[in-house]
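Student: Please take me through one part of this structure closely, starting at the beginning of one helix and working outward from there. I would like a connected account rather than a list.

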Amino acid sequence: MRILVVEDEKRIADFLGRGLESAGYAVDVANDGTTAIELVHAANYDMIVLDLGLPDMDGLKVLEKIRLRKVSPPVLILSARSDVDDRVKGLEHGADDYLVKPFAFVELLARARVLLRRGQPTPEKLSVGDLQLDCIRRKVTRGAENIELAPKEFSILEYLMRNRGRPLSRTMIVEHVWDMDYDGLTNIVDVYIRHLRSKIDDKFPEKLIQTVRGIGYVLDAPEK
Ligand code: CA
């Protein structure tokens with residue numbers, strides 16, 4: 001997996017490059033928009049991390065150029081602009097996700113992992129350990145037991161199961177499940193996770209949902 005980081009601030013570019021490399025990705029760095037566009041035409045990237053404030057052109061301009069290509073990788077925008085307007089503009093220009101500076105690296109990594117697995121086929125039935133989820137019939141079972149979930153609980157569980165083993169931040173869960181900007185209301189996720197645990201984990205010896213300190217939650221089961 002090869003990631004292009006487009007960022008003019010050397011400190012941030014280094015920190016992202018090092019972090020992503022130690023997470024196992026190949027990383028190229030472009031310090032301005034022109035270099036970024038050249039690199040995108042010369043190599044195949046699996047993802048692009050794009051800063052909006054570049055010295056030679058607006059990051060949105062770069063995004064436009066990238067999107068002109070037939071096959072264009074997912075783009076995660078980085079920006080100091082926290083305005084909802086900019087966020088919307090970025091997504092309208094075809095960005096796949098948006099992160100406001102300053103951000104924690106773990107948050108960026110979690111989002112990158114989700115974007116990188118997009119485009120892979122999505123199975124209709126998910127299973128992790130003895131937990132099974134049928135996305136079409138919207139049925140959940142653990143072992144022989146049927147589990148009734150409220151719609152939001154189901155969506156959170158499906159999202160966690162589709163990203164098995166990948167920590168998802170509270171913000172990601174909120175954005176995925178509520179389809180709107182719930183910034184600052186991420187506590188709602190903890191409430192729903194508590195409900196989910198009481199239904200799928202509490203009475204079973206093996207717990208599938210784990211809390212990841214400083215990030216959010218991950219769902220996984222040991223390989224049998
Ligand atoms: Ca910048």
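Tutor: At the start of helix H2, a side-chain oxygen of Asp32 comes to within 3.2 Å of the backbone nitrogen of Thr34. The model is predicted, and the distances below are to be read as computed from it.

H2 spans residues 33-42, and its buried residues are Gly33, Ala36, Ile37 and Val40. Viewed down the axis of H2, these buried residues fall within an arc of 95°, so they line one face of the helix. Glu38 and Ala42, on the other side of H2, are exposed. The cover over the buried residues of H2 includes three strands, S1 (2-6), S2 (26-30) and S3 (47-51), together with helix H3 (59-67).

Two of those covering strands, S1 and S2, are themselves paired: they run parallel and are joined by 5 bridges. The chain between them contributes to a larger motif, in which S1, helix H1 (residues 10-22) and S2 form a right-handed β-α-β unit. Within the pairing, Leu4 stands opposite Asp28 of S2.

Asp28 deserves a closer look. This residue sits in strand S2 and has a relative accessibility of 18%. The cut-off for buried is under 20%, so Asp28 counts as buried. Its side chain makes two polar contacts with other side chains: one with Arg2, at 3.1 Å, and one with Tyr45, at 2.6 Å. Leaving out residues up to four places away in sequence, Asp28 touches Arg2, Ile3, Leu4, Val5 and Tyr45. Both polar partners, Arg2 and Tyr45, are thus in that set of contacts, and so is Leu4, the residue opposite Asp28 in the strand pairing.

Strand S3, another part of the cover over H2, leads to the calcium site. S3 covers residues 47-51, and Asp51 is one of the protein donors of the calcium ion. The protein donors are Asp8 (OD), Asp51 (OD) and Gly53 (O), at 2.2 to 2.4 Å from the ion. Along the chain, the donors follow the spacing D-x42-D-x1-G. In accessibility, Asp51 is buried, with a relative accessible area of 3%, whereas Gly53 is partly exposed at 38%. Water is not among the atoms, so the site may look incomplete.

Several places further along the chain can be set beside this region. Lys101 and Pro102 are joined by a cis peptide bond, with omega near -5°. Pro102 itself lies in the loop between strand S5 (97-100) and H5. That helix, H5 (105-117), is also part of what covers the buried residues of helix H7, as are helix H6 (151-162), strand S10 (168-169), helix H8 (187-200) and strand S12 (216-219). The buried residues of H7 (residues 170-178) are Met172, Ile173, Val174, Val177 and Trp178.

S10 and S12, both in the cover over H7, belong to an open sheet of 3 strands, with the order S10-S12-S11 and antiparallel pairing. S10 and strand S11 (209-212) are the edge strands, each pairing on one side only. S11 and S12 run antiparallel and are joined by 4 bridges. One of the pairs across S11 and S12 puts Gln210 against Val218 of S12 as its bridge partner.

The loop between strand S7 (131-134) and strand S8 (139-142) holds Cys135, and Arg138 is found in the loop between S7 and S8 as well. Cys135 counts as buried, at 14% relative accessibility, while Arg138 counts as partly exposed, at 45%. Arg138 has a positive phi of about 50° although it is not a glycine. Cys135 and Glu124 are 11 residues apart along the chain, and their C-alpha atoms are separated by 5.3 Å. Leaving aside neighbours within four places in sequence, Cys135 is in contact with Pro123, Glu124, Leu126, Phe154, Glu158 and Arg162.

To return to the starting point: H2 turns Gly33, Ala36, Ile37 and Val40 inward as buried residues, with S1, S2, S3 and H3 among the elements that cover them.

Technical notes. Residues are numbered from 1 along each chain as its sequence is written. This is a predicted model: local features need pLDDT of at least 70, side-chain atom pairs count only at pLDDT 80 or more; totals for chains, interfaces and linings use all residues. Side-chain values use heavy atoms; hydrogens and water are left out. Buried means under 20% relative accessible area, exposed over 50%, partly exposed in between (1.4 Å probe, protein chains only). Helices (H or I, at least four residues) and strands (E, at least two) are DSSP runs, numbered from the N terminus. The arc is that of the directions from the helix axis to the C-beta atoms. Contact means heavy atoms within 4.5 Å. A polar contact is a pair of N or O atoms within 3.5 Å; within protein, one must be able to donate a hydrogen and the other to accept it, and residues adjacent in sequence count only if both atoms are side-chain atoms. Two strands pair if DSSP finds at least two bridges between them. A crossover is right-handed if, with the strands pointing away from the viewer, the path from the first strand over the helix to the second runs clockwise. Donors are N, O and S atoms within 2.8 Å of the metal (3.2 Å for Na, K and Ca); water is not among the atoms, so sites may look incomplete.
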